[in-house]
Amino acid sequence: MPAPRTAALALGATAAALLTRRALRRRVSASPLWPLPALDPPVSGQSRPRPARLLLTAHETIADGVVRLRLEGPGLPRWEPGAHVDLVLPSGLVRQYSLCGDPADTSAYTLAARLVADGRGGSREVHEQLTEGMELEVRGPRNRFPLVAAPAYVFVAGGIGITPLLPMLRALPDGTEWRLLYGGRTRASMPFLDEVAQLAGDRLTVVAEDEDGRPDLAALFAGTAEGTAVYCCGPEGLMAAVEQALPEGATLHLERFAPGTAAGPDAAFEVELRRSGRTVTVPAGSSVLAAVRRELPGTAYSCEQGFCGTCQQRVLEGEVEHRDELLTDAERHDSMLICVSRARGDRLVLDM
Amino acid sequence: MSNTQARVPLKARPVSFSWDGTPLHWVPGDPLTTHTINVLHLLLPAGERWFVRVYQQALPLIRDDRLREDVIGFIGQEAVHSQAHDEVLPHLRELGLDPTPYTAQVDWFFEKLLGDRTLPPGRPRRWWLLERVALIAAIEHYTAFLGNWVLNAGELDRRGADPTMLDLLRWHGAEEVEHRSVAFELFTHLDGSYRRRVRTWATAFTALVFLWQRGTRFFLANDPTLTDGKATFKDFHDRGRQGLLPGTGDMLRSIPRYLSRAYHPSQEGDTEQALAYLAASPAATAAERRAA
C-alpha cells in the first residue's frame with residue numbers, strides 16, 4: 001500500500017535533490033574552483049627565480065689567463081652592482097661569477113673568469129671547453145656584496161677581484177669621494193685595467209707585484225674618514241691583510257671568490273640558541289648543524305650540502321655568510337641553512 | 001621490520017631541469033593525458049613541502065637510529081621533489097596556462113587545512129601529528145604505485161613524450177620507489193594502529209580523487225589551445241587501457257593491498273629497477289656530478 005505520506009516524502013526528497021544539484025552546478029559554473037579557499041599570497045610556483053638557459057655569444061681572452069663571457073637571453077632579471085650568478089657548466093659543476101657588465105642591460109650578462117691552474121676544474125672548463133654558440137644554465141643573480149650608502153669608499157681589488165667592483169665604480173654618483181687600489185701579479189694579467197684607469201683617474205693606485213711588490217695598505221688607508229666603506233675582493237691573503245689594516249671607524253665588505261669550497265679559512269664562532277637557552281661553539285672545519293645537533297638531537301636536516309632547505313633556521317642576530325644554493329635574498333635576510341652557512345663575525349643567535 | 005630487498009641509504013639528489021624546450025602538450029596530440037599527469041605539478045609542490053614540515057616534527061619522536069637515517073634521507077628527497085615540480089609552474093604560465101588559481105587552493109589545503117594547528121601540547125598535538133604521519137603513509141602508497149607505473153610506462157616513449165618531462169617523472173618515480181617503505185615504517189614505529197590506517201587511507205584516497213579530477217578539469221578548461229576542454233571517466237579509463245595513464249583495474253587492486261594487515265611497501269615496486277633508472281637518468285647523473 002503506497003501510503004500517500006511516503007509518496008509525498010519521496011517526491012519532496014527528489015525535488016530537494018534536484019534543486020540542490022542545480023544550485024551546486026550553478027555555483028560551480030560561476031566559480032569553477034568553488035568551494036576551496038585559496039591561500040593568499042600563494043606559495044607554489046611563485047618564489048624562486050627560474051634558472052635561465054643563455055646563449056654564449058662571446059668568449060674572448062682579455063688579459064693573461066682571463067676570459068670574458070657574454071651570455072645572452074631575453075628578459076633577464078635586473079641586478080645591482082656586486083651581484084653574482086651561478087654558472088652551471090656542461091659537466092654539471094656550478095661556479096659563481098660576479099657580473100661585470102651593465103646592470104640595466106636585461107638582454108645579456110657579462111662575466112670574467114680567471115684560469116686557476118690548480119683549481120678544482122671549473123675554471124679550466126670555462127677556459128677550454130666553453131665555445132661561442134653553447135647554451136649554458138645560469139641561476140641568479142644574487143647579491144651578497146651590495147654597495148651601501150657611505151660618505152666615502154675605498155676599493156681594494158686583487159686581480160680578477162676587480163669584477164664585482166667595476167659596476168660599483170660606474171654606479172657611484174659624481175662627486176663621491178673614493179679611491180681604488182688594484183693589485184695583480186703582472187699588469188698583463190689584470191683585466192679591465194684601461195677602463196678602470198679611465199674611470200678612476202688619479203684615484204687609482206695600480207700595484208703589479210712583479211714591478212712594485214706588495215701593496216702598501218697603510219698608505220692607502222691613511223687619512224680615511226669616519227664611516228668609510230671598504231670594499232675588497234681578491235685572494236684570501238689580500239683580504240686578510242685588508243682586514244688587519246682596516247682603520248677604526250671604517251666598515252669592511254668582503255666578497256670571497258668561492259663560497260662553499262674548502263678554500264675559505266673557516267674560523268670558529270659561537271652560536272646562541274635563544275629558545276633553548278644554550279650556546280655552542282662551531283669549530284673551524286665543522287658546521288653549525290653538527291654543533292647544534294649535539295645539544296638538540298631532534299634538529300631536522302637532510303642533504304647537508306645546502307640544496308634541500310630542510311635545516312633552514314631563523315637568525316635573530318649576527319651576520320651570516322650564506323653558502324647555500326637555495327635561499328632567495330629575502331629569505332637570506334633573516335634565515336640561514338645551518339648545514340653549510342657560517343657566521344661572518346664571531347657570533348650568531350638562532351631562534352631555536 | 002621485514003624488508004626482503006637490500007637496504008639502500010637514501011640521499012637527496014640536487015637535480016635541475018630546463019623547461020624551455022617543453023611544449024604545452026608534452027604528450028603530443030593528447031591534452032587529456034598531458035593534463036592528467038600535469039596535476040602532479042599542482043599537488044606536489046605544496047604537498048611535499050607539507051610532508052617535510054610534518055616529518056620535521058616527527059623526527060624527535062623516533063627511537064630507532066636506522067629509521068631516523070631513512071627519514072632524514074626521505075625528507076631531503078621530498079624537499080627536492082617539491083622544488084623540481086614547482087619550477088614547472090612558471091613554464092606553464094609562460095605557455096598561457098596560469099596554474100595559480102588552483103595551486104593557491106592546494107597551498108591552502110596543505111598549509112591551513114592540514115597545517116599546524118594551535119592545539120594544546122600533549123595528547124591533542126600528538127594526535128594531530130600521528131594523524132598526518134598516517135596520511136602521508138597512505139599517500140606514499142600511491143606515490144610508490146605511480147612511480148612504479150611511470151618507470152614502466154613505455155607507451156609514453158612510443159608516443160614521443162617530451163624527454164625532459166619524462167626524466168622528471170621517472171627520476172621522481174624512481175626515488176618514490178626507492179624510499180617507499182619509509183613513510184609506512186615511520187607510521188608503524190610511532191603508532192601503527194589499524195583503525196587509523198583505514199581511516200586515513202579513506203581520507204587520503206578521497207582527497208586525491210577529488211583534487212586530481214578537479215585539477216585535470218581545471219587544466220582542460222583553461223588550456224588556451226582547447227575550445228571545449230572536457231574529460232569523462234571513460235576517456236580516462238581508455239587511456240589506462242592504452243598504457244598512457246595507470247589502469248583503472250590496477251588502481252582498484254592496489255586498495256585492498258594497502259588495507260591488508262600483512263601490507264608492507266617493500267612488496268610493491270622494484271628497488272633495482274628504480275636504482276638502475278637513477279644511474280642512467282640525465283638529471284640524476286648531472287646532479288651526481290654537481291654534488292661531487
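Two residues are taken to be in contact if their C-beta atoms, placed from the backbone, lie within 7 Å. The model is predicted, and local features therefore need pLDDT of at least 70, side-chain atom pairs count only at pLDDT 80 or more, and totals for chains, interfaces and linings use all residues. Residues are numbered from 1 along each chain as its sequence is written, while chains are lettered from A and ligands numbered from 1 in the order in which they are written.

Chain A is a convenient place to start. It holds nine helices and 18 strands, where helices (H or I, at least four residues) and strands (E, at least two) are DSSP runs numbered from the N terminus. Its C-alpha trace spans about 115 × 55 × 45 Å along the principal axes. The radius of gyration of chain A is 28 Å, whereas a compact globule of 352 residues would have one near 20 Å; the radius is taken over C-alpha atoms, and the globule rule is 2.2 Å times the number of residues to the power 0.38. Of the 352 residues in chain A, 34% are buried. A residue is called buried if 20 or more other C-beta atoms lie within 10 Å of its own, exposed if 12 or fewer, and partly exposed in between. Among contacts in chain A with a separation of 6 or more, 62% come from residues 24 or more positions apart.

Helix α7 of chain A (residues 236-245) gives a closer view of this burial, with Leu238(A), Met239(A) and Val242(A) buried. These residues lie on the same side of α7(A), because they cover an arc of only 95° around the axis, the arc being that of the directions from the helix axis to the C-beta atoms. An α-helix has 3.6 residues a turn, so residues three or four places apart point the same way. Gly237(A), Glu243(A) and Gln244(A), on the other side of α7(A), are exposed. The cover over the buried residues of α7(A) includes the strands β7 (152-158), β8 (177-184), β10 (229-233) and β11 (251-255) of chain A, together with helix α6 (217-221).

Chain B, by contrast in its elements, has 13 helices and zero strands. Its radius of gyration is 19 Å, close to the 19 Å that the globule rule gives for 292 residues, so chain B is as compact as a globular protein of that length. Buried residues account for 46% of the 292 residues in chain B.

The two chains meet through 28 residues from chain A and 40 residues from chain B.
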